[in-house]
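Let's take a walk through this structure together. Have the sequence and the 3D view open side by side as you read.

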Amino acid sequence: MQPAELDLPRELGGSRSPSDRIFEFTARGIGIMVLGITGSIGVFLAYQAYPTIQRYGLGFFTESAWSPDQGKLGIAAVLLGTFSVAFVALFFAFPLALGTALYISEYAPPRFKSTCVSLIDLMAAVPSIIYGLWGFFLLQPHVIHVSRWLHQNLSFIPFFKVETDPDAAVWAQTRYTASAFIAGIAVAMMVLPMACAVMREVFSQTPVGEKEAALALGSTRWGMIRAVVIPFGRGGIIGGTMLSLGRALGETIAVVLIISPAFVIKPRILEVGTNTISGLIAGRFGEATSTQLSALLTAGFVLFVITLLINTLAAIIVSRGRSGAGTDI
Amino acid sequence: MTSTLVRPLGVLPMADVPRVFQRRTADDIASLVGAAIGSLAFVWLCYTLILPFSGRMGFVACWYGLFLAMYALVTSLSNPGPVVRDRLASAILHSAAAVVLGALASTVIFTFYRGAKALPHLNLFTEDMAGVRPQDNLKSGGILHAIVGSLIEIGLAVSVTLVLGVGTAVYMTEVGGRLARVVRTVVEAMTALPSIVAGLFIYSVLIVALHVPRSGIAAATALAVMGLPIIARTADVVLRVIPSGLREASYALGASRWQTVWRVVLPTARPGLATALILGVARMVGETSPVLLTSGSSTFLNVDPLHNAMNSLPLFIYSTVRSGEPTAIARGFGAASVLLALVLLLFIIARLIARQSVGRR
């Protein structure tokens with residue numbers, strides 16, 4: 001993975017000075033320590049997950065209720081909630097991130113470009129609780145009208161059903177609040193800058209020669225983008241989106257602030273009440289006994305494995321794309 | 001991921017500079033402005049006066065849709081199809097960027113706007129919430145305990161992650177070997193760890209199993225565990241792009257490996273490292289979920305991280321906002337403004353350092 005393949009460092013031989021030996025020893029020590037700390041988290045989670053999986057079996061993944069007192073415990077509902085929030089987030093974040101990345105790399109005036117890049121970075125640094133407040137206090141009162149409109153006009157799609165009458169003279173506003181839809185919009189704000197940064201990075205590596213060639217052949221700017229920039233950056237588009245999906249799945253606070261927890265399998269994203277794995281952990285850790293705690297840790301482990309798989313896949317896709325492998329012009 | 005996006009050295013495409021596109025003609029501007037005004041007038045007439053619709057969001061959506069249609073129509077009067085598509089795509093991409101930047105601006109402005117009620121009361125910065133009920137007015141009580149708690153927790157967490165994170169990065173890039181590759185794989189995998197799971201890990205190990213009280217030190221450990229993979233990875237990315245020619249030159253002059261790392265590699269990487277670290281710190285300051293599980297929330301000022309609960313800014317915001325009490329929410333927004341200002345400050349410092357490094361070269 002060394003970036004420079006042209007000049008490889010020579011092999012160092014001979015005896016080493018004491019300071020070098022101390023340096024290597026210390027660096028290796030720190031490395032092993034960090035390996036121990038980070039690795040132990042994964043091992044600990046897996047170790048805690050084992051008895052829970054053994055006790056509840058596959059039912060852990062199919063049971064939707066979370067009532068440990070009755071011996072019924074499962075993550076089906078929260079898993080569905082996690083994914084519905086994440087997919088709503090991607091539905092908004094993907095087109096906006098792609099559009100913004102293309103704007104920054106192809107349209108923005110040179111002087112404004114670096115400002116834009118900084119602003120997107122700033123957007124990534126804004127704490128998630130601020131986005132939670134934004135979603136809850138500023139967005140929710142407006143979005144419930146959109147939810148109602150979607151319900152009125154598109155309720156033949158099962159996702160957009162809400163169990164209330166949308167055309168009633170006094171419509172039940174509270175049925176549309178605290179939904180996966182609104183939480184998803186807040187999460188979209190959080191994952192958007194990440195997707196945008198990866199996409200922009202890849203777009204900016206598009207070979208200038210190919211872009212110029214497209215323009216010289218008489219292409220419009222959009223034609224050039226479609227023929228050169230997007231095919232070149234396909235790896236980055238997919239990879240960046242998946243990275244942001246991984247982030248969206250694990251997001252806690254913005255979601256917890258907005259949703260009201262419900263443990264039912266509910267594909268109706270506009271309706272009040274849903275829950276995510278992280279929301280489950282945040283809500284239930286306080287009163288958990290040791291077995292419940294290991295059940296929560298199992299849920300956390302499942303979440304971690306999912307995000308890990310998605311991130312790994314994203315990294316492979318980003319590096320596989322033509323954009324990862326240098327240019328031939 | 002960013003590491004794989006780094007351009008291989010030796011390829012220098014910056015040699016050919018793209019030409020600047022032609023400026024807009026009067027026709028372009030006129031059709032754009034005309035379509036915008038025409039669609040606005042049309043939508044206003046239909047939406048508010050003729051059709052039984054209401055709501056601001058619907059109005060804007062209809063206006064935007066009609067604007068695109070009108071713009072396409074006006075452009076197609078004097079231009080061929082590809083140009084129409086080009087103009088439309090340009091309009092859509094510009095508006096996507098405008099929506100994103102607008103959303104960012106609205107977040108920042110909204111937070112400070114709602115915080116403006118609590119911020120002018122200076123007791124917000126000098127008092128804690130001991131003996132103050134949530135519904136008491138804004139003239140009493142403050143968030144001093146949360147600010148101090150945040151600073152202590154972050155200070156502890158950063159002092160650990162800084163040493164370990166940069167040390168690991170140095171080990172991975174400068175020492176290397178098979179074990180270093182294992183460390184890199186595990187660290188990269190752990191960046192996928194959701195922050196709440198890191199918090200739950202510390203909660204079940206430190207607080208439940210080892211009976212450490214809920215305190216600042218537990219929260220700092222949770223933050224450190226969450227931040228360590230992030231900082232190690234970003235530092236690794238920064239160190240990896242240091243040209244190996246610099247190291248070679250140093251070795252060629254007879255320097256030892258330690259001297260090379262200390263005198264050549266780290267100083268060269270300093271601005272990049274500083275930027276990466278400050279952004280990592282900004283991320284840790286705002287993280288709520290690990291703190292929620294581990295620190296407990298006190299109402300009084302507590303500067304001892306080892307004993308008693310310790311509040312922090314994100315946790316204070318979270319608990320006040322959920323209380324539903326209007327004055328508590330106002331106080332929560334005051335704390336949110338302080339938190340956001342802190343993040344902005346860190347961000348600006350990071351930018352200045354980054355810019356300095358570009359200017360020097």
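**Starting from one alanine**

Look past the residues within four places in sequence, and B:Ala36 turns out to be in contact with B:Trp63 and B:Phe67. Where does B:Ala36 sit in chain B? Its home is helix α2, which covers residues 26-50 of that chain. B:Ala36 has a relative accessible area of 23%, and since buried means under 20%, it counts as partly exposed. Another residue to find here is B:Tyr71: it is 35 residues away from B:Ala36 along the chain, yet the two C-alpha atoms are separated by 7.7 Å.

Before going further, keep in mind that this is a predicted model. How confident is the predictor in chain B, going by mean pLDDT? The mean is 82, and 90% of the residues in chain B reach 70 or more. Within chain B, helix α4 (residues 81-115) has the highest confidence, with a mean of 91, while helix α1 (residues 2-5) has the lowest, at 44. Be careful with residues 1-10 of chain B, then: pLDDT stays under 50 there, although the model does give that stretch 28 contacts beyond four places in sequence.

Now swing over to chain A. It has 12 helices and 2 strands, and in sequence order they run α-α-β-β-α-α-α-α-α-α-α-α-α-α. The C-alpha trace of chain A spans about 75 × 60 × 30 Å along its principal axes. Of its 329 residues, 56% count as buried. If you take the contacts in chain A between residues at least 6 apart in sequence, 73% of them join residues at least 24 apart.

Next comes the place where the two chains meet. Here 100 residues of chain A are in contact with 93 residues of chain B. About 8,900 Å² is buried between them, and carbon and sulfur atoms give 78% of that area. On the chain A side, A:Phe23, A:Phe137 and A:Phe285 supply 7% of the area that chain A buries against chain B, more than any other three residues.

What about charged and polar pairings? Across this interface there are 2 salt bridges. B:Arg351 forms a salt bridge with A:Asp121, and their closest N and O atoms are 3.5 Å apart. The chains also share 11 residue pairs in polar contact, counting those with both residues at pLDDT 80 or more. Helix α1 of chain A (residues 18-56) gives the most to the side of chain A that touches chain B, with 20 residues. By class, that side has 63 nonpolar, 26 polar and 11 charged residues.

Definitions and conventions
Residues numbered from 1 in each chain as written. Chains lettered and ligands numbered in written order. Predicted model: local features only at pLDDT ≥ 70, side-chain atom pairs only at ≥ 80, totals over all residues. Heavy atoms only, no water. Helix = DSSP H or I, 4+ residues; strand = E, 2+ residues; numbered from the N terminus. Buried < 20%, exposed > 50% of the residue type's maximum accessible area, 1.4 Å probe, protein only. Contact = heavy atoms within 4.5 Å. pLDDT = per-residue confidence, 0-100. Buried area = accessible area lost by both parts, 1.4 Å probe. Salt bridge = Lys/Arg side-chain N within 4 Å of Asp/Glu carboxyl O. Polar contact = N/O pair within 3.5 Å; in protein donor to acceptor, adjacent residues only side chain to side chain. Nonpolar A, V, L, I, M, F, W, Y, C, P; charged D, E, K, R; others polar.
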